[in-house]
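Subject: Structure for your review

Dear colleague,

Please find below the structure that I am handing over to you. My findings come after it.

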Amino acid sequence: MTAANDRATPRAVRMAMPLARGVVEEIAKQYGVCIRPVPLRRQDILTGQVEVIDVPCGATLESKCPPCAKRNRQLRRAQCREGWHLDHEPVNLPDNADEYQRHLVELRADAQTWRDEVEKTGGDTTDLDAAIVDLDEEINAAGMRGNVLGRTSGKRSRSTKRRQDAPDLPKRQMIKTTLGRTFTGSDGKVYRPSMFVTLTLPSYGRVLEGAPLDPDRYDYARAARDALHFSKLVDRFVQNLRRVAGYDVQYFATVEPQKRLAPHLHMAIRGTLPRAELRQIIAATYHQVWWPSTDTVRFEGDHLPVWEDGAGYLDPETGEVLPTWEQALDKLDQDDEAEPLHVLRFGDQADIKGVLAGTPDADQLIQYLSKYLTKSLGDALGTDDPRRKAHAERLLDALRFEPCAPTCPNWLRYGVQPKGAKPGMVPGRCRGKAHKPDHLGYAGRRVLVSRKWSNKTLTEHKQDRRTWVLEALGVEDAPVDPHRYVWRPVKPGDPDLAPIGVRLLRSVHERQRWRNHLDRLQAEADGRVLSAIEGRAA
Ligand SMILES: [Zn+2]
Ligand SMILES: [Zn+2]
């Protein structure tokens, strides 16, 4: 008998036996257990007890962890279903920051401290800066609004010229409601219709099976810029939609990659509009990107701006200090001839469907809406199809020197200091998500939900499921005082941290226990129903 299956060997030791990581992950997936848990040290300030707890990684839909991705998709479906055909006005109360949110805020504070320390010692803060951006997004995603640090600078007042022109569209008097109209049929039945819209970007060249027929004539520059600014175009669409519809239209939308690697949008809209009007809004919607011009490359290769403390970036030959981001924007404001860097519009392939509440159709569309959420935009880079792979690589190339944000180091290439310029910035080496193969230009959120879609944030939807399970288990879901715990990150190699295999198996064991209990409850409930039926029949 080997030690591994010898009952006399303590269980913890048996579990720690080197079991192939892949095998453990497979088991974990079968049980719906997160395979990339984040270890956190939790201190109970009432009892002083300190524990290392594995928190599921699954904070985002793009999670590479299949069980978390699946769970997130289910939650999103529940959220979509809840709001689509709402028949009463939602009440939006500010949510209490729950434990997870609080943990995020603390983590954010830690990250800031680490970052500032690294900066003080002259180290590279790029990774920490990126982490902070991610954390801020996650904090917002967790249902908190605004930035943790509050607004640090006043919003730029824009000149009239740089304001977006309102497109020529009919405008209705606003009614203070988020609900769509209902219609009463001849049979007296009340119908609550809504819409499902798919919005697509224009053509950049003919495409066959996800790759251009003629790559040399495919407009990669435009495809790259459209992807970078896609979420702004969606914002404009919503603004126009509300103006025309005359009520506070609510939506649940997902951004998904098309086969040609352009982002497109599926949107469930509460309420309904005439199709012709909707087509008019789609056609009239555009977004202008008022950024400095990138027509002229001023610095590249070894010829790059140099950093000087107190001055910023300067031309290495002339010593001229490059305009700051603010100065570049001011210049743009004053230039009457200036053109926007880019103008986005939708393509003409909009798809509009009418949907009725509670029909199988509505259900199917909800499934469809979240079908590709776990696919990343850059999946084509991993395919065996050489045409699609080459296509993805060309798009990635086009994105390399395209500025992704005011803070993007690529601005140096065009002779402008990025917003918040700091030493060590090199054009072509921006670490922003948009340049990465997984994103291919679109770094925005994959799920866009309007504030008054349902009464709940995703955190609350999660809480719903938890409450349901605890009720089923007969456990009281006592509210936990959020101040009770202090969470701290656990670094790899921490002596309190068990090997990943052991931690995964522990979670599987927990899940198994839980599932058995639920099954038993279900069987008991079934038994009661059965005996009730038999009792009646007798
Ligand atoms: Zn996970
Ligand atoms: Zn960038």
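The notes below cover the zinc site, a helix pair and two groups of strands.

This is a predicted model, in which local features need pLDDT of at least 70 and side-chain atom pairs count only at pLDDT 80 or more, while totals for chains, interfaces and linings use all residues. Residues are numbered from 1 along each chain as its sequence is written, chains are lettered from A and ligands numbered from 1 in the order in which they are written, and side-chain values use heavy atoms, with hydrogens and water left out.

Zinc site. The zinc ion (ligand 2) has as protein donors Cys404 (SG), Cys408 (SG), Cys430 (SG) and His435 (NE2), at 2.1 to 2.3 Å. Donors are N, O and S atoms within 2.8 Å of the metal (3.2 Å for Na, K and Ca); water is not among the atoms, so sites may look incomplete. Along the chain, the donors follow the spacing C-x3-C-x21-C-x4-H. Cys408 and Cys430 lie 22 residues apart, each in the loop between helix 11 (386–400) and strand 15 (447–449). Helices (H or I, at least four residues) and strands (E, at least two) are DSSP runs, numbered from the N terminus. Both Cys408 and Cys430 are buried, that is, under 20% relative accessible area with a 1.4 Å probe, protein chains only. The arrangement is tetrahedral because the four donor atoms subtend angles of 103 to 116° around the zinc ion (ligand 2); the criterion for four donors is that all angles lie between 85 and 135 degrees.

Helix pair. The axes of helix 6 (residues 220–228) and helix 11 come within 9 Å and cross at roughly 70°. Axes are lines fitted to C-alpha atoms, for helices over the stretch in contact, and angles run from 0 to 180 degrees between N-to-C directions. Helix 6 and helix 11 are therefore roughly perpendicular, a term that covers 65 to 115 degrees. Tyr220, Ala223, Ala224 and Leu228 in helix 6 meet His391, Arg394, Leu395, Ala398 and Leu399 in helix 11, where contact means heavy atoms within 4.5 Å.

Strands. An open sheet of three strands has the order 2-1-16 with antiparallel pairing; two strands pair if DSSP finds at least two bridges between them. Strand 2 (50–55) and strand 16 (485–489) are its edge strands. Strand 1 (residues 38–44) pairs with strand 16 over five bridges, and Arg41 stands opposite Arg488 in strand 16. Elsewhere, strand 10 (residues 286–289) pairs with strand 13 (residues 342–345) in the antiparallel sense over four bridges.

Yours sincerely

Terms used. Four donors count as tetrahedral if all angles lie between 85 and 135 degrees; four count as square planar and six as octahedral if opposite donors are over 155 degrees apart and all others between 65 and 115; anything else is irregular. Buried means under 20% relative accessible area, exposed over 50%, partly exposed in between (1.4 Å probe, protein chains only). Angles under 35 degrees count as roughly parallel, over 145 as roughly antiparallel, 65 to 115 as roughly perpendicular and the rest as oblique.
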